[in-house]
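Colleague: Please take a close look at the sulfur chemistry of this model and its setting in the fold. A single connected account would serve best.

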Amino acid sequence: MEEIGGSSSILGVQVPSAWSHLDFSIEIWMMFSFSIYRVISAVLLLFVFYQYTSFDNHTSTNENDFQGVTESSCDSLKGLGDLFVILRTGATEAPKKLPVHFTTTLRCVPHYTIYSDYEEDIEGHHVYNALDEVDPEIVDTHADFEYYRRLQEGGREAFTSRELSRWAAAKNTNGGRDSPGWKLDKWKFLPIAEKALHQRPDAKWYIFIESDTYILWRNLLEWLSRFDSSKPHYLGMQMQIGDVVFAYGGGGFAISNPALKKVVAHRKDNLKFYDNFTGRHWAGDCVLGKALADAGVDLLWSFPTMAGDQPSDMDFNTTFGGHAKTPWCYYATSYHHLPPAEYYKLARFEQNWNRKHASLLRHGDVFQYYILPSLTLERVDWDNLSDVDEGESLGDTAMRIKSGWIMERIQDYAERMDASCDHQDWILP
């Protein structure tokens, strides 16, 4: 099978990391007559209109367009009230990334909370401080909390624009992202787990997401219905650091009520140990995973039911989850790394699909009906990130570069992937 994803190609062509740039340009030479120009313009307008309307589920890019989805779509989400959704974010990203969730991810959710490193209100929604009960000695002396201390004293105005720009551009390293907000983030996981249990002690499931996580609620509820929520469960996309296997925070993860009670009680009895462990570590989702394992709750390796990439970056036939667990064939419950504008498009697509189809969305459906309609034979000033170089690559919007996709081969790929599925549905114990 040909690999398809953010760093691999389909039969020599590559799916790009985003589809939001649909700018096409036509240079009309002066030698053409005015009448020919009008004909060409009319054809161009018809072409663009077709591209934007041939698959209406994919075209909504802003909140106003998304309002066309009726509230009745929430009524079909039976069992959503049994969930408590915990969204984790940070002060430097919250104003930009949170608002879209209020009309997409959280629109139907009756019980949710938002935690950050800074308490505030954003568009009428309260954001709680996740770190207000951390040992004061750690807050006062640990290097990870220097950023936090400045933030509490002066708010976002405590940081210069140069600092904020540098942190926003920080690259990922083997030890995580090199920014103070990211380094502080690891301290939030265990306190948030305890706070969530106190806020809603009777929830059947606790769903932990980030500010760039997308959840397909209809699919997630169907998946969770196959588990006994009165038993300890810890579900998420598997990752590993050292000897600790844990659920990747970006893809979202689910913890049943008994499991959360076990880890909260275990941490209370070993608070000093986990504070020291967190201080030495770099990934908070790993810290939580270790605490759960120490409390006797093991992770169900849940990829590809829960995924860690946005649809346009997915490797739809990766064997990361196992040879017979290619994402294409499985139902999708989550994606990650979505930019804010993508939420409206994906939410519109998902809601339209749910309205028109009795079947749940599989990852393969997302590719065929959400991504594929955006591909064209050729796009100007665009680098498609193919492994086969035809010229100097200058980035996603590379000037003077023409990129494209061999559409017949991509369609053939989709048909062969469909044929490869053999009743795969969910990741289950």
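**Cysteines and their surroundings**

Modeller: C286 is buried, as its relative accessible area is 0%, and the cut-off for that class is under 20%. The model is a predicted one, and what follows should be read accordingly.

Two disulfides are counted here. A disulfide is a covalent bond between the sulfur atoms of two cysteines. One of them joins C74 to C108, with an S to S distance of 1.9 Å. The torsion about the S-S bond is -70°, and the link of C74 and C108 is left-handed. C74 belongs to helix 3 (residues 72-75), while C108 sits in the loop between helix 5 (99-103) and strand 4; the pair links distant parts of the chain, 34 residues apart. Both C74 and C108 are buried.

The other disulfide connects C329 with C421, at 2.1 Å from S to S. Its torsion about the S-S bond is about -90°, so the link of C329 and C421 is left-handed. C329 is located in the loop between strand 15 and strand 16 (334-336), and C421 in the segment after helix 17 (407-420); the pair therefore ties together parts that are 92 residues apart in sequence. C329 is buried because its relative accessible area is 1%, whereas the value for C421 is 26%, so C421 counts as partly exposed. With the bonded cysteines numbered in sequence order, the pairing reads 1-2, 3-4.

Strand 4 and strand 15, named above as neighbours of these loops, are both members of an open sheet of eight strands with mixed pairing, ordered 5-6-4-3-9-14-11-15. Strand 5 (120-122) and strand 15 (300-301) are its edge strands, each pairing on one side only. Within this sheet, strand 11 (residues 234-236) and strand 14 (residues 253-256) run antiparallel and are joined by three bridges; the bridge partner of Y234 in strand 14 is I255.

Helix 10 (residues 189-199) lies across several strands, including strand 3 (83-88), strand 4 (112-116) and strand 14, and runs at about 145° to strand 3.

A hairpin is formed by strand 12 and strand 13, with two residues between them; G242 in the turn has a positive phi of about 60°. The two strands, residues 238-241 and 244-247, pair in the antiparallel sense over four bridges, and Q238 stands opposite A247 in strand 13.

Terms used. Residues numbered from 1 in each chain as written. Predicted model: local features only at pLDDT ≥ 70, side-chain atom pairs only at ≥ 80, totals over all residues. Heavy atoms only, no water. Pairing = 2+ DSSP bridges. Contact = heavy atoms within 4.5 Å. Axes fitted to C-alpha atoms, helices over the stretch in contact; angles between N-to-C directions. Disulfide = S-S within 2.5 Å. Buried < 20%, exposed > 50% of the residue type's maximum accessible area, 1.4 Å probe, protein only.
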